[in-house]
Amino acid sequence: MNERFQRMLEWLEDQPLLAGCDVSTPVPASSDASFRRYFRIQVTRPNDEATSYIIMDAPTEHEDCRPFIEVSDQLVKMGLQVPEVLAQDLQQGFLLLTDLGSTTYLSVLASADESEADRLYQDALSALVTLQQKGHKAAEVLPPYDAKLLDTEMNLFSDWLLATHLEMPLGKLAAHDWAEVKNVLQQSALSQPKTYVHRDYHSRNLMVTPQHNPGILDFQDAVHGPLTYDAVSLLRDCYIAWPAEQVVEWQRSYFLQLCEAGLLNKDEWNGFRKSMDLMGIQRHLKASGIFARLYHRDGKDGYLNDIPLTLQYIVQVGSQYPQLKTLVDLVESRVLPHAVLQHKILDF
(Lines give C-alpha, C1' and ligand atoms only; values in the text may rest on other atoms or scores of the structure.)
Protein backbone atom coordinates (compact mmCIF):
# COMPACT_ATOMS: atom_id res chain seq x y z
CA MET A 1 0.00 0.00 0.00
CA ASN A 2 1.62 3.27 -1.09
CA GLU A 3 1.75 6.37 1.06
CA ARG A 4 -0.81 8.37 -0.91
CA PHE A 5 -3.36 5.55 -0.85
CA GLN A 6 -2.91 5.34 2.94
CA ARG A 7 -3.47 9.09 3.24
CA MET A 8 -6.67 8.70 1.22
CA LEU A 9 -7.91 5.99 3.60
CA GLU A 10 -7.17 8.20 6.60
CA TRP A 11 -9.02 11.08 4.97
CA LEU A 12 -12.07 8.88 4.39
CA GLU A 13 -12.11 7.87 8.04
CA ASP A 14 -12.49 11.53 9.01
CA GLN A 15 -15.50 12.25 6.78
CA PRO A 16 -18.71 13.01 8.75
CA LEU A 17 -20.82 11.73 5.82
CA LEU A 18 -19.33 8.26 6.33
CA ALA A 19 -19.42 8.17 10.12
CA GLY A 20 -20.97 4.99 11.51
CA CYS A 21 -20.97 3.35 8.08
CA ASP A 22 -19.32 0.23 6.75
CA VAL A 23 -16.95 1.51 4.04
CA SER A 24 -15.35 -0.88 1.57
CA THR A 25 -11.71 -0.66 0.53
CA PRO A 26 -11.43 1.71 -2.44
CA VAL A 27 -11.01 -0.05 -5.78
CA PRO A 28 -9.94 1.58 -9.06
CA ALA A 29 -12.94 3.00 -10.93
CA SER A 30 -11.28 4.58 -13.97
CA SER A 31 -8.33 6.61 -15.10
CA ASP A 32 -7.94 9.37 -17.65
CA ALA A 33 -5.31 11.17 -19.64
CA SER A 34 -4.32 13.39 -16.70
CA PHE A 35 -2.68 12.63 -13.36
CA ARG A 36 -6.10 12.15 -11.73
CA ARG A 37 -7.15 8.73 -10.53
CA TYR A 38 -10.60 7.58 -9.48
CA PHE A 39 -11.64 5.00 -6.89
CA ARG A 40 -15.03 3.55 -6.01
CA ILE A 41 -16.21 2.70 -2.51
CA GLN A 42 -19.33 0.96 -1.27
CA VAL A 43 -20.88 2.55 1.80
CA THR A 44 -23.44 0.67 3.88
CA ARG A 45 -25.40 2.55 6.53
CA PRO A 46 -27.23 0.76 9.34
CA ASN A 47 -30.48 -0.77 8.06
CA ASP A 48 -29.85 0.54 4.56
CA GLU A 49 -28.63 -0.67 1.20
CA ALA A 50 -25.09 0.02 0.04
CA THR A 51 -24.43 3.23 -1.88
CA SER A 52 -21.40 3.73 -4.07
CA TYR A 53 -19.28 6.87 -4.14
CA ILE A 54 -16.28 8.00 -6.16
CA ILE A 55 -13.04 9.36 -4.74
CA MET A 56 -11.02 11.63 -6.99
CA ASP A 57 -7.31 11.48 -6.24
CA ALA A 58 -5.73 14.57 -7.82
CA PRO A 59 -2.13 15.16 -6.61
CA THR A 60 -1.79 18.87 -5.98
CA GLU A 61 1.61 19.15 -7.64
CA HIS A 62 -0.07 18.21 -10.93
CA GLU A 63 -3.78 19.02 -10.59
CA ASP A 64 -6.01 21.77 -9.19
CA CYS A 65 -9.39 20.56 -7.92
CA ARG A 66 -10.96 24.01 -7.76
CA PRO A 67 -12.11 24.22 -11.40
CA PHE A 68 -13.79 20.81 -11.03
CA ILE A 69 -15.63 21.97 -7.92
CA GLU A 70 -16.70 25.27 -9.47
CA VAL A 71 -17.88 23.78 -12.77
CA SER A 72 -19.68 20.91 -11.04
CA ASP A 73 -21.65 23.43 -8.99
CA GLN A 74 -22.52 25.43 -12.12
CA LEU A 75 -23.73 22.36 -14.03
CA VAL A 76 -25.79 21.08 -11.11
CA LYS A 77 -27.56 24.46 -10.97
CA MET A 78 -28.37 24.10 -14.68
CA GLY A 79 -30.13 20.79 -13.95
CA LEU A 80 -27.49 18.62 -15.62
CA GLN A 81 -26.39 15.31 -14.13
CA VAL A 82 -22.75 15.44 -13.04
CA PRO A 83 -20.73 14.09 -10.11
CA GLU A 84 -21.55 16.32 -7.15
CA VAL A 85 -18.83 17.20 -4.66
CA LEU A 86 -19.77 15.86 -1.21
CA ALA A 87 -16.44 16.45 0.57
CA GLN A 88 -13.15 18.04 -0.38
CA ASP A 89 -9.56 18.42 0.76
CA LEU A 90 -7.80 20.90 -1.49
CA GLN A 91 -4.53 20.66 0.41
CA GLN A 92 -4.20 16.94 -0.33
CA GLY A 93 -6.19 16.79 -3.56
CA PHE A 94 -9.03 14.47 -2.54
CA LEU A 95 -12.71 14.81 -3.48
CA LEU A 96 -15.65 12.59 -2.50
CA LEU A 97 -18.20 12.51 -5.33
CA THR A 98 -21.55 11.02 -6.19
CA ASP A 99 -21.25 8.00 -8.49
CA LEU A 100 -22.82 8.00 -11.96
CA GLY A 101 -22.03 4.34 -12.56
CA SER A 102 -19.62 2.61 -14.91
CA THR A 103 -21.57 2.39 -18.19
CA THR A 104 -20.06 4.79 -20.69
CA TYR A 105 -21.71 5.82 -23.94
CA LEU A 106 -18.81 4.21 -25.78
CA SER A 107 -19.37 0.81 -24.18
CA VAL A 108 -23.05 0.80 -25.20
CA LEU A 109 -22.75 2.40 -28.63
CA ALA A 110 -20.35 -0.27 -29.86
CA SER A 111 -23.25 -2.75 -30.01
CA ALA A 112 -26.31 -0.45 -30.03
CA ASP A 113 -29.05 -0.72 -32.64
CA GLU A 114 -30.24 2.33 -34.56
CA SER A 115 -33.02 3.19 -32.12
CA GLU A 116 -30.82 2.98 -29.03
CA ALA A 117 -27.97 4.95 -30.60
CA ASP A 118 -30.38 7.67 -31.70
CA ARG A 119 -31.90 7.90 -28.22
CA LEU A 120 -28.48 8.25 -26.61
CA TYR A 121 -27.35 10.94 -29.03
CA GLN A 122 -30.59 12.87 -28.75
CA ASP A 123 -30.22 12.84 -24.96
CA ALA A 124 -26.63 14.07 -25.23
CA LEU A 125 -27.52 16.82 -27.70
CA SER A 126 -30.45 17.98 -25.57
CA ALA A 127 -28.17 18.16 -22.53
CA LEU A 128 -25.69 20.16 -24.59
CA VAL A 129 -28.36 22.68 -25.60
CA THR A 130 -29.33 23.01 -21.93
CA LEU A 131 -25.70 23.72 -21.09
CA GLN A 132 -25.46 26.37 -23.79
CA GLN A 133 -28.80 27.99 -23.03
CA LYS A 134 -28.70 28.02 -19.24
CA GLY A 135 -24.94 28.48 -19.00
CA HIS A 136 -24.80 31.79 -20.83
CA LYS A 137 -23.97 33.93 -17.79
CA ALA A 138 -21.87 31.29 -16.03
CA ALA A 139 -19.72 30.94 -19.15
CA GLU A 140 -18.62 34.56 -18.92
CA VAL A 141 -16.45 33.79 -15.87
CA LEU A 142 -14.75 30.82 -17.52
CA PRO A 143 -11.32 31.11 -19.19
CA PRO A 144 -11.68 32.37 -22.77
CA TYR A 145 -11.18 30.03 -25.70
CA ASP A 146 -9.16 32.72 -27.41
CA ALA A 147 -6.73 32.92 -30.35
CA LYS A 148 -3.75 32.03 -28.17
CA LEU A 149 -5.35 28.86 -26.81
CA LEU A 150 -6.60 27.77 -30.23
CA ASP A 151 -3.11 28.21 -31.67
CA THR A 152 -1.45 26.39 -28.77
CA GLU A 153 -3.78 23.44 -29.29
CA MET A 154 -3.15 23.20 -33.03
CA ASN A 155 0.60 23.32 -32.44
CA LEU A 156 0.25 20.02 -30.59
CA PHE A 157 -0.18 18.44 -34.04
CA SER A 158 3.00 19.91 -35.51
CA ASP A 159 5.09 19.63 -32.33
CA TRP A 160 4.09 16.24 -30.99
CA LEU A 161 2.60 14.20 -33.83
CA LEU A 162 4.75 15.43 -36.70
CA ALA A 163 8.07 16.48 -35.14
CA THR A 164 8.24 14.13 -32.16
CA HIS A 165 6.22 11.04 -33.04
CA LEU A 166 6.79 10.84 -36.80
CA GLU A 167 10.11 12.73 -36.81
CA MET A 168 8.68 14.89 -39.58
CA PRO A 169 9.34 18.54 -38.63
CA LEU A 170 7.86 21.22 -40.87
CA GLY A 171 10.24 22.94 -43.29
CA LYS A 172 10.07 26.67 -43.95
CA LEU A 173 7.61 26.43 -46.85
CA ALA A 174 5.41 23.93 -45.04
CA ALA A 175 5.54 26.11 -41.93
CA HIS A 176 4.16 29.03 -43.94
CA ASP A 177 1.32 26.88 -45.30
CA TRP A 178 0.68 25.56 -41.79
CA ALA A 179 0.36 29.11 -40.46
CA GLU A 180 -2.22 29.87 -43.17
CA VAL A 181 -4.24 26.77 -42.30
CA LYS A 182 -4.19 27.63 -38.62
CA ASN A 183 -5.37 31.14 -39.38
CA VAL A 184 -8.37 29.83 -41.36
CA LEU A 185 -9.39 27.53 -38.52
CA GLN A 186 -8.74 30.13 -35.84
CA GLN A 187 -10.78 32.86 -37.53
CA SER A 188 -13.69 30.48 -38.07
CA ALA A 189 -13.70 29.50 -34.41
CA LEU A 190 -13.46 33.08 -33.16
CA SER A 191 -16.32 34.24 -35.41
CA GLN A 192 -18.81 31.80 -33.90
CA PRO A 193 -21.28 32.72 -31.14
CA LYS A 194 -19.62 32.17 -27.77
CA THR A 195 -21.09 29.77 -25.28
CA TYR A 196 -20.32 27.45 -22.38
CA VAL A 197 -17.89 24.83 -23.73
CA HIS A 198 -17.40 21.55 -21.87
CA ARG A 199 -14.32 20.95 -24.06
CA ASP A 200 -14.27 17.13 -23.91
CA TYR A 201 -17.87 16.15 -24.66
CA HIS A 202 -17.66 12.64 -26.14
CA SER A 203 -18.53 8.99 -25.66
CA ARG A 204 -15.94 8.27 -22.97
CA ASN A 205 -17.09 11.17 -20.80
CA LEU A 206 -20.84 10.54 -21.07
CA MET A 207 -22.43 7.92 -18.85
CA VAL A 208 -25.61 6.01 -19.61
CA THR A 209 -27.88 6.49 -16.61
CA PRO A 210 -31.42 5.24 -15.90
CA GLN A 211 -32.68 8.75 -15.17
CA HIS A 212 -31.69 12.20 -16.43
CA ASN A 213 -29.43 10.66 -19.07
CA PRO A 214 -26.60 11.36 -19.72
CA GLY A 215 -24.26 11.65 -16.80
CA ILE A 216 -21.50 14.10 -17.72
CA LEU A 217 -17.87 13.72 -16.62
CA ASP A 218 -14.49 15.43 -17.09
CA PHE A 219 -15.78 18.99 -17.30
CA GLN A 220 -13.10 20.78 -15.29
CA ASP A 221 -11.44 22.33 -18.36
CA ALA A 222 -14.60 24.21 -19.41
CA VAL A 223 -14.09 27.48 -21.28
CA HIS A 224 -16.08 30.30 -22.88
CA GLY A 225 -15.81 29.64 -26.59
CA PRO A 226 -17.21 28.51 -29.97
CA LEU A 227 -20.77 27.23 -30.14
CA THR A 228 -20.02 24.14 -32.25
CA TYR A 229 -17.02 22.79 -30.34
CA ASP A 230 -18.82 20.33 -28.05
CA ALA A 231 -21.23 19.13 -30.72
CA VAL A 232 -18.46 18.21 -33.14
CA SER A 233 -16.58 16.52 -30.28
CA LEU A 234 -19.63 14.32 -29.82
CA LEU A 235 -20.64 13.69 -33.42
CA ARG A 236 -17.13 13.26 -34.83
CA ASP A 237 -15.86 11.44 -31.79
CA CYS A 238 -12.19 10.45 -31.56
CA TYR A 239 -13.19 6.97 -30.34
CA ILE A 240 -16.17 5.96 -32.47
CA ALA A 241 -17.25 6.87 -36.02
CA TRP A 242 -20.61 6.97 -37.78
CA PRO A 243 -21.63 7.28 -41.45
CA ALA A 244 -21.57 10.87 -42.69
CA GLU A 245 -25.32 10.78 -43.40
CA GLN A 246 -26.07 9.82 -39.80
CA VAL A 247 -23.83 12.58 -38.47
CA VAL A 248 -25.67 15.14 -40.61
CA GLU A 249 -29.01 13.86 -39.31
CA TRP A 250 -27.92 14.37 -35.70
CA GLN A 251 -26.31 17.68 -36.62
CA ARG A 252 -29.61 18.89 -38.09
CA SER A 253 -31.50 17.81 -34.97
CA TYR A 254 -29.04 19.74 -32.81
CA PHE A 255 -29.29 22.82 -35.07
CA LEU A 256 -33.09 22.85 -34.80
CA GLN A 257 -32.85 22.61 -31.02
CA LEU A 258 -30.47 25.58 -31.02
CA CYS A 259 -32.97 27.53 -33.12
CA GLU A 260 -35.81 26.63 -30.79
CA ALA A 261 -33.68 27.78 -27.84
CA GLY A 262 -33.06 31.12 -29.56
CA LEU A 263 -29.33 30.53 -29.98
CA LEU A 264 -29.38 30.42 -33.80
CA ASN A 265 -31.75 31.31 -36.65
CA LYS A 266 -32.95 28.80 -39.23
CA ASP A 267 -31.32 30.71 -42.10
CA GLU A 268 -27.88 30.06 -40.54
CA TRP A 269 -27.76 26.33 -41.40
CA ASN A 270 -25.08 26.51 -44.09
CA GLY A 271 -22.79 28.72 -42.04
CA PHE A 272 -23.37 26.51 -39.01
CA ARG A 273 -22.31 23.38 -40.92
CA LYS A 274 -19.15 25.03 -42.22
CA SER A 275 -18.25 26.37 -38.78
CA MET A 276 -18.76 22.93 -37.27
CA ASP A 277 -16.64 21.28 -39.97
CA LEU A 278 -13.71 23.65 -39.43
CA MET A 279 -14.07 23.44 -35.67
CA GLY A 280 -13.84 19.67 -35.90
CA ILE A 281 -10.60 19.87 -37.86
CA GLN A 282 -9.10 22.17 -35.22
CA ARG A 283 -10.13 19.68 -32.53
CA HIS A 284 -8.72 16.68 -34.37
CA LEU A 285 -5.40 18.41 -34.93
CA LYS A 286 -5.30 19.01 -31.21
CA ALA A 287 -6.41 15.48 -30.31
CA SER A 288 -3.89 13.74 -32.55
CA GLY A 289 -1.11 15.80 -30.97
CA ILE A 290 -2.33 15.07 -27.46
CA PHE A 291 -2.43 11.32 -28.16
CA ALA A 292 1.18 11.46 -29.36
CA ARG A 293 2.20 13.55 -26.34
CA LEU A 294 0.57 11.09 -23.94
CA TYR A 295 2.84 8.40 -25.36
CA HIS A 296 6.13 10.29 -25.54
CA ARG A 297 5.82 12.46 -22.44
CA ASP A 298 3.59 10.43 -20.13
CA GLY A 299 4.30 6.85 -21.21
CA LYS A 300 0.65 6.13 -22.08
CA ASP A 301 0.55 4.16 -25.33
CA GLY A 302 -3.16 3.28 -25.37
CA TYR A 303 -4.11 6.46 -27.19
CA LEU A 304 -1.86 5.85 -30.19
CA ASN A 305 -4.55 3.59 -31.67
CA ASP A 306 -6.94 6.56 -31.67
CA ILE A 307 -4.74 8.78 -33.86
CA PRO A 308 -5.80 7.31 -37.26
CA LEU A 309 -9.47 8.20 -36.79
CA THR A 310 -8.61 11.83 -36.03
CA LEU A 311 -6.55 11.96 -39.23
CA GLN A 312 -9.32 10.38 -41.28
CA TYR A 313 -11.71 13.10 -40.15
CA ILE A 314 -9.21 15.77 -41.20
CA VAL A 315 -8.95 14.29 -44.70
CA GLN A 316 -12.64 13.51 -45.19
CA VAL A 317 -13.96 16.83 -43.94
CA GLY A 318 -11.05 19.04 -44.96
CA SER A 319 -11.28 17.85 -48.57
CA GLN A 320 -14.46 19.93 -48.91
CA TYR A 321 -12.57 23.19 -48.30
CA PRO A 322 -9.95 24.39 -50.84
CA GLN A 323 -8.24 26.61 -48.25
CA LEU A 324 -7.27 23.46 -46.33
CA LYS A 325 -5.77 21.63 -49.31
CA THR A 326 -2.18 21.83 -48.06
CA LEU A 327 -3.21 20.29 -44.72
CA VAL A 328 -5.24 17.53 -46.37
CA ASP A 329 -2.42 16.69 -48.77
CA LEU A 330 0.08 16.53 -45.91
CA VAL A 331 -2.08 14.25 -43.79
CA GLU A 332 -3.20 12.02 -46.66
CA SER A 333 0.19 11.55 -48.32
CA ARG A 334 2.68 11.69 -45.46
CA VAL A 335 0.94 11.20 -42.11
CA LEU A 336 -1.82 8.65 -42.58
CA PRO A 337 0.41 6.06 -44.29
CA HIS A 338 2.35 5.77 -41.03
CA ALA A 339 -0.78 5.04 -39.00
CA VAL A 340 -2.44 1.65 -38.76
CA LEU A 341 -6.17 2.11 -39.19
CA GLN A 342 -7.96 0.27 -36.43
CA HIS A 343 -11.33 2.04 -36.38
CA LYS A 344 -14.25 1.13 -38.54
CA ILE A 345 -17.31 3.25 -39.20
CA LEU A 346 -20.27 1.76 -37.37
CA ASP A 347 -23.45 1.09 -39.24
CA PHE A 348 -26.74 -0.51 -38.32
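A cavity here is a set of grid points where a 1.4 Å probe fits but cannot get out. On that rule, this predicted model has one cavity of 30 Å³ or more. Let's start the tour there.

**Stop 1: the enclosed space**

Select Arg236, Asp277, Gly280, Ile281, His284, Tyr313, Ile314 and Val317, and you have the lining of the largest cavity. The space inside comes to about 30 Å³. Colour your selection by class and you should get four nonpolar, two polar and two charged residues. Now switch on the cartoon: H10 and H11 each supply at least two residues of this lining, and H10 gives the most, with four.

**Stop 2: the second largest pocket**

Keep Arg236, Tyr313 and Val317 on screen, since they come up again here. Along with Ala244 and Gln316, they lie nearest the centre of the second largest pocket, which has 16 lining residues. Helices H9 (244-260), H10 (269-296) and H11 (307-318) are the elements that give two or more residues to that lining. Which helix has the largest share of it? That's H11, with five residues. The pocket holds about 260 Å³ of space, and its lining splits into ten nonpolar, three polar and three charged residues.

**Stop 3: along H9**

Select 244-260 next, which is H9. This helix has 17 residues and reaches 24 Å from first C-alpha to last, close to the 24 Å expected at 1.5 Å a residue. Show side chains and look for the buried ones: Gln246, Val247, Val248, Trp250, Gln251, Ser253, Tyr254, Phe255, Gln257, Leu258 and Cys259. To see what covers them, add helix H4 (114-134), helix H8 (229-235) and H10, which are among the covering elements. Before you leave, step past the end of the helix to glycine 262, where phi is positive, near 80°.

**Stop 4: Tyr254 and the big core**

Centre the view on tyrosine 254. Setting aside neighbours within four places in sequence, tyrosine 254 is in contact with Leu125, Leu128, Val129, Gln132, Leu227, Ala231 and Phe272. Zoom out from there and you're in the largest nonpolar core, which has 93 residues. Tyr254 is one of the residues with the most contacts inside that core, alongside Leu75, Phe157, Tyr196, Leu285, Leu311 and Leu327. H10 gives the most to this core, with eleven residues. Apart from it lies another core of 15 residues, including Leu9, Leu18, Val43 and Ala87.

**Stop 5: Val129, from the other side**

Now pick one of Tyr254's partners, valine 129, over in helix H4. Is valine 129 buried or exposed? With a relative accessible area of 6%, valine 129 falls under the 20% cut-off, so it counts as buried. Leaving out residues up to four places away in sequence, valine 129 touches Tyr254, Gln257, Leu258 and Ala261. For a quick distance check, draw a line to valine 82: the two are 47 residues apart in sequence and 16 Å apart in space, C-alpha to C-alpha.

**Stop 6: two residues in H7**

Select 172-191, helix H7, and find lysine 182 in it. Lysine 182 has a relative accessible area of 11%, so this charged residue is buried. Not counting residues up to four places away in sequence, lysine 182 touches Asp151, Met154 and Asn155.

Stay in helix H7 and move to alanine 189. Alanine 189 is buried too, with a relative accessible area of 4%. Show Leu150, Pro226 and Met279 to see what alanine 189 touches beyond four places in sequence. One more distance to draw: the C-alpha atoms of alanine 189 and aspartate 200 are 16 Å apart, with the two residues eleven apart along the chain.

**Stop 7: H2 and its surroundings**

Last selection: residues 66-77, helix H2. This helix has twelve residues and reaches 17 Å from first C-alpha to last, close to the 16 Å expected at 1.5 Å a residue. Its buried residues are Phe68, Ile69, Val71, Ser72, Gln74 and Leu75; you met Leu75 among the residues with the most contacts in the largest nonpolar core. What do the buried residues of H2 pack against? Bring up strands S4 (50-57), S5 (85-89), S6 (94-98) and S7 (194-197), along with H4 and helix H5 (136-139). Finish just after H2, on glycine 79, which takes a positive phi of about 90°.

How values were computed
Residues numbered from 1 in each chain as written. Predicted model: local features only at pLDDT ≥ 70, side-chain atom pairs only at ≥ 80, totals over all residues. Heavy atoms only, no water. 1 Å grid on protein atoms, 1.4 Å probe; cavity = no way out; pocket = protein on both sides within 12 Å on 5 of 7 lines; lining within 4 Å. Points joined across faces, edges and corners; volume = space filled by probe spheres on them. Expected span 1.5 Å × (residues − 1). Buried < 20%, exposed > 50% of the residue type's maximum accessible area, 1.4 Å probe, protein only. Contact = heavy atoms within 4.5 Å. Core = buried A, V, L, I, M, F, W, Y, C linked by side-chain atoms within 4.5 Å.
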